Each structure stands twice: as C-alpha cells, then as structure tokens.
Amino acid sequence: MRDIYKIGGKAIEIESVHEEIHQLCRDYRYSGDIDFSVKTEQAAIDFEREKSIAEDKKEGIPIRKFGDSYLETLAVYRQIAEHMIEYDTLLFHGSVIAVDGTGYLFTAKSGTGKSTHTRLWREYFGERAVMVNDDKPLLEVTENGVIVYGTPWDGKHHLSNNIAVPLKAICILGRAEKNHIEKITTSTALPMLIQQSYRSADAGKMQKILKIINGISEKVSLYKAGFNMEIESAEMAYNVMKG
C-alpha cells in the first residue's frame, strides 16, 4: 500500500505492509511531488516490538502486546524522524497548544500532566486555543524562528490538527501545590530537551540533532514550572510565557 502525505512541511511517500498507517495519516494526504519516501518491511516492525519489550522490562511493567499494524505506524515515524533531521526538523515529545496562532510547548516525563495542563488552556481560552499536537510534534528550526507542526502521532487522546504555527516558548512542567513559573537558561533546560528529543542510532545524525536542539533553545524562550493543575495555572503560564 502506498500514498503521499504532507507532514512537517514535507511531502512524504509512505509504502507500507498494513493499512493502519494510511488511516492514521488520512488527514495529511497530499498530491504533488515528493521530498522523500519511506518503506517498511517486517524487519522494521519486529524491531519496534523488540524495542517495546526492552522498554517495558526496563520500566518494570508488564510487557505490552501490540499488533504488527500498530507497530508499523511507529516504524514509519521512526523513518520519517530520521529523514527530517536533514531538514533541521526534530521529533519532540510534548504537548503543544496555540493561542491566537502562536504555539506553546509543554514537556515533562510521562504522567506529569502535560495533557492536563493544555486541557486547562483550552478551557480558559476557549476558541482562541487550538491543539497542535498532544504527544509527538515536529519542530523545525528556520532563520526566522521555530515552526511547530501537528502530526498524526498525537497521543492516546488523539488531539492534534494539521497546522503549523510559530513556537514562542517551551516549558518543562512539574506538579506543585503552589503555582510557579520562571525563565531558565539553555544549560539548565538542555538535559530535558535532549531527553525529550528523538535520538538516532547514527552518531553523525546525533551531532546534527544536538545542533538542532541548540538552535531551538536559541530561538524560543525556555521555562520551568510547577502547577497544581487548577484553571489559574493556565492563566499564569500564558501571562508569563507570552512575553
């Protein structure tokens, strides 16, 4: 099965074994010349299964069992992420919301409350707020700043839109009884930015990834926050991060 999709600003031809990836990407279908192609085979699917098992063992949780068609969607995104590095574009783990057309990204370890916090933004701002992506957006470094793209890989709640917006700020999120948010330096943010970015097995590409991360940190404001996940935390975060 084969079709073309525009994801992260690039026209990508996807050739797959299973149909699920094409259903996942259906809102991104595109007709035109392609920038690059990806093709999956059973070996790539098996790799994703082995990786998932290894991660579950490391986390000490019961081993999850995924079907081949779902694992293929991960294999496809891995290939896309590898190609995107050459376009100064990075897969990043976080929840991104846009207010009045400007994006704000919240990142943290799983289970910290990224999705809960961006839900509060949607409640507070109403129609002014639009979800860009709730899990794995793409970030492109350009001369004029960082562009964040919605993607089909949008988390368990499937919250995303096929849009691209300028990224204003990244916030490393935590929980706290008393709301607080403060600006941080690149050196303080860098360990988490690296941890939350796609990491390639290719040493040369990892050098390029680090360059992209540095570019992101130079072009957007960086914050660290602790929130109690009440509606007033959304108001505080926005008032600080909008600059």
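A pocket is an open set of points on a 1 Å grid over the protein atoms alone, with protein on both sides within 12 Å along at least five of seven lines. The model treated in these exercises is predicted.

**Exercise 1. The largest pocket**

Task: State how much space lies in the largest pocket, then describe its lining.

Solution.
Step 1. The volume of the largest pocket is about 1,900 Å³.
Step 2. The lining is made up of 46 residues, and those closest to the pocket centre are E55, H93, S110, D135 and K136.
Step 3. Among the helices, helix 1 (20–24), helix 2 (42–59), helix 3 and helix 4 each contribute at least two lining residues.
Step 4. The most is given by helix 2, which supplies 8 residues.

**Exercise 2. The open sheet of 3 strands**

Task: Give the strand order of the open sheet of 3 strands and identify its edge strands.

Solution.
Step 1. The order is 1-2-3, and the pairing is mixed.
Step 2. Strand 1 (2–7) and strand 3 (36–39) are the edge strands, since each pairs on one side only.
Step 3. From one strand to the next, the twist averages 30°.
Step 4. Strand 2 (residues 10–15) and strand 3 run parallel and are joined by 4 bridges. Within this pairing, I12 stands opposite F36 of strand 3.
Step 5. Helix 3 (residues 68–84) packs on the sheet and touches strand 1, strand 2 and strand 3. The direction of helix 3 makes about 150° with that of strand 3.

**Exercise 3. Strand 12 and its partners**

Task: Determine how strand 12 (residues 221–227) is paired, and whether it is mostly covered or mostly open.

Solution.
Step 1. Strand 12 pairs with strand 10 in the parallel sense, over 7 bridges. In this pairing I172 stands opposite K224.
Step 2. Strand 11 (residues 180–183) runs antiparallel to strand 12, and 4 bridges join the two. Here K183 has Y223 as its bridge partner.
Step 3. Of the 7 residues in strand 12, 6 are buried, and the strand is mostly covered.

**Exercise 4. Two residues of strand 12**

Task: Classify S221 and K224 as buried, partly exposed or exposed, and list their contacts beyond four places in sequence.

Solution.
Step 1. S221 has a relative accessible area of 18%; the limit for buried is under 20%, so S221 is buried.
Step 2. The contacts of S221 are K168, A169, I170 and K183.
Step 3. K224 has a relative accessible area of 44%, which makes it partly exposed, because that class lies between the 20% and 50% limits.
Step 4. K224 is in contact with C171, I172, H180, I181, E182 and I184. One of these, I172, is also the residue opposite K224 in the strand pairing.
Step 5. For a longer-range separation, take K224 and A108: they are 116 residues apart along the chain, and their C-alpha atoms are separated by 10.0 Å.

**Exercise 5. Aromatic pairs**

Task: Count the aromatic pairs, then describe the pair W121 and Y238 and the pair Y124 and F125.

Solution.
Step 1. The count is 10 aromatic pairs.
Step 2. W121 and Y238 are edge-to-face, at 5.8 Å centre to centre with 90° between the planes.
Step 3. This pair links distant parts of the chain: W121 is in helix 4 (residues 114–125) and Y238 in helix 7 (residues 231–241), 117 residues apart.
Step 4. W121 is buried at a relative accessible area of 0%, and Y238 is buried at 12%.
Step 5. Y124 and F125 are also edge-to-face, at 4.8 Å centre to centre with 85° between the planes.
Step 6. Y124 is partly exposed, with a relative accessible area of 38%, whereas F125 is buried at 8%.
Step 7. W121, Y238, Y124 and F125 belong to one aromatic cluster, which includes Y104 and F106.

**Exercise 6. A loop residue**

Task: Locate H157, classify its exposure and find what it touches.

Solution.
Step 1. H157 is in the loop between strand 9 (145–149) and strand 10 (164–175).
Step 2. The relative accessible area of H157 is 46%, so H157 is partly exposed.
Step 3. Setting aside residues up to four places away in sequence, H157 touches S115 and D134.
Step 4. G101 lies 56 residues from H157 along the chain, and 22 Å separates their C-alpha atoms.

Technical notes. Residues are numbered from 1 along each chain as its sequence is written. This is a predicted model: local features need pLDDT of at least 70, side-chain atom pairs count only at pLDDT 80 or more; totals for chains, interfaces and linings use all residues. Side-chain values use heavy atoms; hydrogens and water are left out. Buried means under 20% relative accessible area, exposed over 50%, partly exposed in between (1.4 Å probe, protein chains only). Contact means heavy atoms within 4.5 Å. Two strands pair if DSSP finds at least two bridges between them. Axes are lines fitted to C-alpha atoms, for helices over the stretch in contact, and angles run from 0 to 180 degrees between N-to-C directions. Rings of Phe, Tyr and Trp (its six-membered ring) pair if their centres lie within 6.5 Å; planes under 30 degrees apart count as stacked, over 60 as edge-to-face and the rest as tilted. On a 1 Å grid over the protein atoms alone, a cavity is a set of points where a 1.4 Å probe fits but cannot get out, and a pocket is an open set with protein on both sides within 12 Å along at least five of seven lines; lining residues have an atom within 4 Å of a point. Grid points are joined across faces, edges and corners, and a volume is the space filled by probe spheres set on the points.
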